[in-house]
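Work through the exercises below with the sequence and the model at hand, and try each task before reading its solution.

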Amino acid sequence: MIIEIITYQFIVELYVNNSIIVKAITLLGSTGSIGSQTLDIVTQYPQHFSVIGLAAGNNVEMLAAQIKQFQPSIVAIRAEEKLPNLKAAIMDVNPQPIILAGDTGVIEVAGYGNAETVITGIVGCAGLLPTIAAIKAGKNIALANKETLIAGGPVVLPLVEKYGVKLLPADSEHSAIFQCLQGTQTRDLRRIILTASGGAFRDWEIAKLSNVTVADALKHPNWSMGQKITVDSATLMNKGLEVIEAHFLFGIDYEHIDIVIHPQSIIHSLIELQDTSVLAQLGWPDMRLPLLYALSWPERLYTDWHPLDLVKSGKLTFQEPDHHKYPCMQLAYSAGKIGGSMPAVLNAANEQAVALFLEEKIRFLDIPLCIEWVCDHHKNQNHTNPTLDDILASDIWARQKVIAAIEYLASRPKKIPLH
């Protein structure tokens, strides 16, 4: 009897791990870091995942190669001027996919066809409208674009409930929390602890930050990511944004979301339960794992990836974040607690300031100063219960206001505080 049970369990496990999970997916941001790693997973598990749609920014060569390999039914390139180049690059593809361009094209891809899950890998607030389109089309969302909830949480969450779709975190920290919560009642959650690597400047003295270059900021010690998120990691704004995202994803107050610096990036985040038990999710720094879990959930697929060896990983250390060194964290907490359209303003101001830093038009230390100035000027016009139009208008307003912030910072006397 025991042998029969074991054999039956083995057959069930074999069926789950090799046959039952077959999902059609659409990938937004296919040529970025998230997109390329997602397609690595599809390549490794072709029996489990098929690609319905692809949308990219402006990388024609890479998108064309993806179209030839994965044969999607529909594609879009956001840079409309690149559409003729894309069509020329895939002339030999048969059958031809539907080929679209611009923001409207990306939105149409997001809601197209019988894709069960849409992976949102578009960087920044540009991912908000396509994500909403996917939700309205009844698609589950594998959320790798944190800005969707940070800027649009008050609008997105009611839509998720209305259309009965799943919103699954696909970034490392929130996936860790989600995994720890499996089998746990919401009422049992006491605290969320987000871990942060500390970014490129975790070992720098504060005094040295005034001389930071773009190249310095892009040298992340643990993760390989896109430029914008790597700079966010250097300012620790990424962790502040993750605090707001965790608030929306898991319905927990800001007072119960903490940040701890964990330089090794082995523990990806933790939860504390009402009885003070703490659960953690561990693994090597590899974005494929949270992406795979978001795609395969509620099942898990066997991988041949290098397993975590605690002996080889060595010491796991932790320290309290330095709020003087990383002021962006407190800006995010403040914006989140104010709520309404303020998180959208924070996010847009950060995106614009980071873009200007990457273009070497402002200094690294100007980033939090610009964000603070813009948020301060939004307080009297904050939308308490914002509509989608309010959020989009606030986003545009904040990006424009960053220019005024730069002009103010340039004109003020040296060593005079912002307030």
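Contact here means heavy atoms within 4.5 Å. The model is predicted, so local features need pLDDT of at least 70 and side-chain atom pairs count only at pLDDT 80 or more, while totals for chains, interfaces and linings use all residues. Residues are numbered from 1 along each chain as its sequence is written, and side-chain values use heavy atoms, with hydrogens and water left out.

**Exercise 1.** Find where UniProt places the feature "binding site", and describe the surroundings of Asp171 and Glu242.

*Solution.* The unreviewed UniProt entry puts this feature at Asp171, Glu173 and Glu242, in the numbering used here, with the feature name shortened and the annotation possibly inferred rather than shown by experiment. Although these residues spread over 72 residues of sequence, they cluster in space, with a largest C-alpha distance of 9.6 Å.

Next, take Asp171, which lies in the loop between strand 7 (167-169) and helix 8 (172-181); helices (H or I, at least four residues) and strands (E, at least two) are DSSP runs numbered from the N terminus. Leaving aside residues up to four places away in sequence, Asp171 touches Leu143, Lys146, Glu242, Glu245, Met287 and Pro290.

Then turn to Glu242 in helix 11 (residues 237-250), whose contacts, with the same sequence neighbours left out, include Lys146, Asp171 and Glu173.

**Exercise 2.** Decide whether Asp171 is buried or exposed.

*Solution.* Buried means under 20% relative accessible area, exposed over 50%, and partly exposed in between (1.4 Å probe, protein chains only). Asp171 has a relative accessible area of 8%, so Asp171 is buried.
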